[in-house]
Amino acid sequence: MENITDISAATEQRARKLLDDSNIIRIWEDAGAEVNIVGSLAMGLMMKHRDIDLHIYTDRLDPAADFAAMARLAANPAVERVTFANLAATEEECIEWHAWLRDERGDEWQLDMIHIRRGSRYDGYFERMAERIQAVMTPEQRETILRLKSETPDTEHIAGVEYYMAVIRDGIRTCRDFLRWRAAHPFDGIIDWLP
């Protein structure tokens, strides 16, 4: 059986190849946006869940420009579907895009693209979260997070930040304790936490 660190590194390599093959960063940059990789890929904490998070920044939100960018992405035959949510009028001030693509092996990946207005509440927030997690996370905590992600049943949808809070803030070490921790800490929506 492969080492979980090796599995994580291989998953990260596949994620970065998918980003390159899809040309998604260039598509957004051509639309005048700044694109940041966030989440587990940015922190080197990818495991078996094939999900890539991008935060996209512009001075204003323009759904028409977003649809033009997504039309370019959707022209790629690897893209199977795309969803859209206009949250510009909420405190999140964003346009949320999700795309599902197949990689060269035929595996499905979810690409989460959150287009955020510069200067809004969440401008740079998740980038700061990733920096803080990387700054405080010990090698043992990193291994624990990867192991918990590996042991989580594929049917469970768990936000990465739940693992990070449980392990880094609350000292959780086993999958059983993590599932108990989750039951005691239900979350709905964005989790505001910085270590």
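Helices and strands here are DSSP runs numbered from the N terminus, helices needing at least four residues and strands at least two. With that in hand, start the tour at His 185, which sits in the segment after α8 (175-184). Keep in mind as you go that this is a predicted model.

**Stop 1: His 185 and its neighbours**

Select His 185 and show its surface: at 26% relative accessibility, this residue counts as partly exposed. Now add Arg 169 and Asp 170, which His 185 touches when residues up to four places away in sequence are set aside. Those two partners have a link of their own, since the side chains of Asp 170 and Arg 169 meet in a salt bridge of 2.9 Å, N to O. Asp 170 is partly exposed, with a relative accessible area of 32%, and Arg 169 is partly exposed as well, at 40% relative accessibility.

Before moving on, draw a distance from the C-alpha atom of His 185 to that of Arg 50. The two are 135 residues apart along the chain, and the line should read 25 Å.

**Stop 2: the whole fold**

Zoom out and colour by secondary structure. You should find eight helices and five strands. Walking from the N terminus, the elements come in the order α-α-β-α-β-α-β-β-β-α-α-α-α. Along the principal axes, the C-alpha atoms fill a box of roughly 45 × 40 × 30 Å. How does the radius of gyration fit a compact globule? For 195 residues, such a globule would have a value near 16 Å, and the protein has 17 Å, which agrees.

Switch to a surface view next. The accessible surface comes to about 10,100 Å², and 48% of that area belongs to carbon and sulfur atoms. Of the 195 residues, 42% count as buried. If you display contacts between residues at least 6 apart in sequence, 62% of them join residues at least 24 apart.

**Stop 3: salt bridges**

Side chains of opposite charge can pair when their charged atoms come close. Across the model, the count comes to 21 salt bridges.

Select Glu 108 and Arg 81, whose side chains form one of these at 3.4 Å, N to O. Glu 108 lies in strand β5 (residues 108-117) and Arg 81 in strand β3 (residues 79-87), so this pair ties together parts that are 27 residues apart in sequence. Toggle the surface again here: Glu 108 is partly exposed at 27% relative accessibility, and Arg 81 is partly exposed at 41%.

Move on to Glu 91 and Arg 121. In their salt bridge, the closest N and O atoms are 2.6 Å apart. Glu 91 is in the loop between β3 and β4 (94-102) while Arg 121 is in the loop between β5 and α5 (125-136), so the pair ties together parts that are 30 residues apart in sequence. Glu 91 is exposed, with a relative accessible area of 52%, whereas Arg 121 is partly exposed at 44%.

**Stop 4: a charge without a salt bridge**

Go back to strand β5 and select Asp 112. Which side chain of opposite charge is nearest to Asp 112? It is Arg 81, which you may remember from the previous stop, but at 9.7 Å away; Asp 112 is buried yet has no salt bridge. A salt bridge by the rule used here needs the nitrogen and the carboxyl oxygen within 4 Å, so a 9.7 Å separation does not qualify.

What Asp 112 does have is a polar contact of 2.6 Å between its side chain and that of Gln 110. Expand the selection to see its surroundings: beyond neighbours within four places in sequence, Asp 112 is in contact with Asp 51, Ile 52, Asp 53, Leu 54, Trp 97 and His 98.

**Stop 5: two backbone angles**

Finish with the backbone. Select Asn 23, in the loop between α1 (4-22) and α2 (24-30). Asn 23 has a positive phi of about 65° although it is not a glycine, and the residue is partly exposed, with a relative accessible area of 35%.

Then select Glu 93, found in the loop between β3 and β4. Its phi is near 45°, again a positive value in a residue other than glycine. At 23% relative accessibility, Glu 93 counts as partly exposed.

Definitions and conventions
Residues are numbered from 1 along each chain as its sequence is written. This is a predicted model: local features need pLDDT of at least 70, side-chain atom pairs count only at pLDDT 80 or more; totals for chains, interfaces and linings use all residues. Side-chain values use heavy atoms; hydrogens and water are left out. Buried means under 20% relative accessible area, exposed over 50%, partly exposed in between (1.4 Å probe, protein chains only). Lys and Arg count as positive and Asp and Glu as negative; His and the chain ends are not counted. A polar contact is a pair of N or O atoms within 3.5 Å; within protein, one must be able to donate a hydrogen and the other to accept it, and residues adjacent in sequence count only if both atoms are side-chain atoms. Contact means heavy atoms within 4.5 Å. The radius of gyration is taken over C-alpha atoms; the globule rule is 2.2 Å times the number of residues to the power 0.38. Accessible areas come from the Shrake-Rupley method with a 1.4 Å probe; for residues, only the protein chains shown count as cover.
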